[in-house]
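I opened this notebook to keep track of what I looked up, one topic at a time. The entries begin after the structure is shown.

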Amino acid sequence: MTPTGMRRLHPLSPLLRGLRSFWFVIAAISWQGFAQLGLTRGAIIVAAFGLLGLAWSWLGWLTTGYQITQGELRVNDGILTRSRRAIPIERLQAVDVVQPLLARLTGLAELRLETAGGGKTEAPLSYLTLAAAHDLRRQLLAHAAPPPTETTDTPQTTPLVSVPTPRLIAAQLLTPHILLLPIAVAFTVWLFIINPDLTLFGIAGTVTAVAGILFQPVKEAMVNYRFTARVAHDGLRVGHGLLERRAQTLPLKRVIAAGVRAPLLWRGFGWARASVASAAYGLDSGIEGFAGRTLLPVGTRLQARQVVAAVLPGVDLDAITWNPAHPRSRWVAPLSWRRLAVSMEDSVFAVRSGWATRAELVVDYRRIQSVRVTQGRWERLFGLATVHADIAGAPGIASRARGRELSEALRLARDLIRRSAPPAPAPLPPADRPAGEG
Amino acid sequence: MQPDVWDVPGAQWRPVDARLARVRLINLYLVCVPLAGVAALLAVWWWGQRFAWLIAALALALLILRTVAIVRAVKVWAYAETDEHLLVRHGIWTRRLSIVPYGRLQYLDVTADPVSRVYRLATLVLHTAAATTDATVPGLSPQAATELRDRLAEVSGARTEGL
C-alpha cells in the first residue's frame, strides 16, 4: 500500500451494490403496482431504475477511496457531496467482516466499523476481497488495541457452544407465530371459498402477508444458523449466519449485563436463550451505542450458564442464592410472584422474573448508572416497592426487582449504589466513554 | 410532611420552588380550557345542550383533580446533594426516588418553557448513559439551576467512572 495514494474498493463493488437497488425498486412497486402497470411495463421500469442505480454506484465507486495513515482510517466518498472522514483508529470499538449473500457468491466481503458514541454503524467499506477485508481488519485492530502479551490470538478450536441446526429450527417452530400460522392459512382458504372472484394479485398479496408472518422466525433461524461461540483472549468470539456469515468478537470489558430467557413453549425441552447488553455496539439499536446481542439463540440450561459465565466470569446462574419476593407480592404480580427474586452476588446484581417466559438477568454492579425506587399506588397498599438498576443497553429483560418491602427496597438501592462505585477510580481508556461527553 | 421511611440518611432535602405549581397549572389551563371550550361547542352543535353540560362537568371534575394533583406533587418534589450522589424524590400517586452518582453523569440540561421564564424558574435534567435514568429537578431559579449544573459538572468531571 502506498502511503500517499488512496486505495479503491473491489471493481465488482458497483455491480453488487447496483443489484441491491433492484430489490428496492421491485419492493417499491409492489404487487399492486405490477397489477396496474402490467408485467412488461413493470419490467421496463425495474430495468431502467436498476441501470440508473448501477450507474450511480459505479460513480460512487470511482470517487471512493480509503487509506490508513497516522493512526487514522481515512475514507473519501460521495458523488455530489464529497465527504472526507477521518476515523481515529483508537476510537474504533469493533471491526466486523460481513459477507452478504451476493458478496459470498463472489468471494467478497464488507468491513463494518463501529465507533464509540455513534448511534449508527459507520458506512461500511463494501466491497473488498475476503482476504483484503481480514487483512485490513487485522491492521486496524493492531492499531486500535495493544497486542496481547502472552495469550495467542487464535480462539479455542472447539467452540464453547454450538447450536445444532435441527434444534434451531425446532425452536423457531415452537414460537407463537408459527403455531398460529395454520389458523391464518385456514382463514385465508376459507376467504377464497366464500369469495371466488379474488384475482391473481389478491392471492399474491395474501401470500406476501403470510410470508410477512414467517419472516421473523425464518430470519431468526437464518441469522443464527450454525451459531458458535468460542472463548478468545479478548472476549467471546461469535460466528453465525446462513446467507450473511458473521464473525464478531464481544469484548469482555464492555459487558454490562447478561440474561437468560426460557419461553413457555421451549421449557418442555429445557431450552433457553441467552443475550448480553454491551457498550459500543451501534448495530440495530435505538439507544446510543448500546445494544442487546445474542449469546445463544437456543440451547440447554447448561449452555446458557456457560455463555453467561464466559462473559461475566465467576457468575454461575445455578449457584445464585435467590432471595424471593415478599409473599404479599402475589397481589402485585399474581402470576409471577413466586418467580420474583433478587440476589446481591459478589460481582453482579441478579434478578429473576417472568411467568410464561422465565427470565434471569445479572448486571455488573460497576455498570449501574443510577438506581431508582418506585412505589405505585397499588404497591403502596401492600407496603411493597420496586428497585430499578438503570443500565445502558437493552438486554431484553428489565433490570428491576419487584415485590420488595419498602424498607428493604431502600436498603437494596443504597447497597446497589455503594457497589456501583469502583473501589479505586481506575482510569478507563478513552474509548470507554462515549464521544461528546466533555 | 412526617418523617418517613423514604428518607436517606445524611440527605439534606431541599424542596423545589412552590411557584412551580402555578407554572404547571397555567400550562395545564392554557391547553385544557380552550380545548374544553371547543369540545363543548361541538357537543352543543351535534347533540344538544344537555350533553354539553355533562361533558363540561366531566372536564371540570378532571381539571380539579389534576389541579389538586399538581399542587400536591410540587409540595413533595425535593432533591438533595450528598458527597457522592444527587437524590431526587417526587410523585404522589407513584412515589419515586432516584439516586444518581456524580461520576455517572453524562450531561446536564437546563430548560425553561415560556411560562417558567415569566416566573423565572428553570428545570435541570440529569442524563446518564442509561436511558431509564429519571432525575429531573424542576422549579429552580435560573441562577440556582446554573449553579447546581456547574457544581454537578465539576464533581462529575472529577469522578468520571465511564460506562
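The entries below take up the surface, then a pair of strands, then the space inside.

**Entry 1, surface.** I note at the outset that this is a predicted model. I looked for a nonpolar patch on the surface and found one of about 620 Å², which is made by L12(A), L15(A), L19(A), L101(A), L102(A), L105(A), L242(A) and L243(A). I then asked which elements supply at least two residues each to this patch, and they are α1 (13-37) and α3 (101-106) of chain A. The element that gives the most is α3(A), with three residues. I picked out L105(A), which lies in helix α3 of chain A, and I recorded it as exposed because its relative accessibility is 67%, where exposed means over 50%.

**Entry 2, strands.** I turned next to strand β12 of chain A, residues 271-279, and found it mostly covered, with eight of its nine residues buried. Its antiparallel pairing with strand β11 (residues 255-262) of chain A runs over six bridges. I also wrote down that V260(A) stands opposite A274(A) in β12(A).

**Entry 3, inner space.** How many cavities of 30 Å³ or more are there? I counted one, and the largest cavity holds about 40 Å³ of space. Its lining is formed by L9(A), S13(A), P14(A), R17(A), S57(A), G60(A), W61(A), T64(A) and S126(A). Two or more of the lining residues come from each of α1 and α2 (39-63) of chain A.

Terms used
Residues numbered from 1 in each chain as written. Chains lettered and ligands numbered in written order. Predicted model: local features only at pLDDT ≥ 70, side-chain atom pairs only at ≥ 80, totals over all residues. Heavy atoms only, no water. Patch = residues over 30% accessible without salt bridge, like charges linked within 9 Å, V, L, I, M, F, W, Y side chains within 5 Å. Areas by Shrake-Rupley, 256 points an atom, 1.4 Å probe, with all protein chains shown as cover. Salt bridge = Lys/Arg side-chain N within 4 Å of Asp/Glu carboxyl O. Helix = DSSP H or I, 4+ residues; strand = E, 2+ residues; numbered from the N terminus. Buried < 20%, exposed > 50% of the residue type's maximum accessible area, 1.4 Å probe, protein only. Pairing = 2+ DSSP bridges. 1 Å grid on protein atoms, 1.4 Å probe; cavity = no way out; pocket = protein on both sides within 12 Å on 5 of 7 lines; lining within 4 Å. Points joined across faces, edges and corners; volume = space filled by probe spheres on them.
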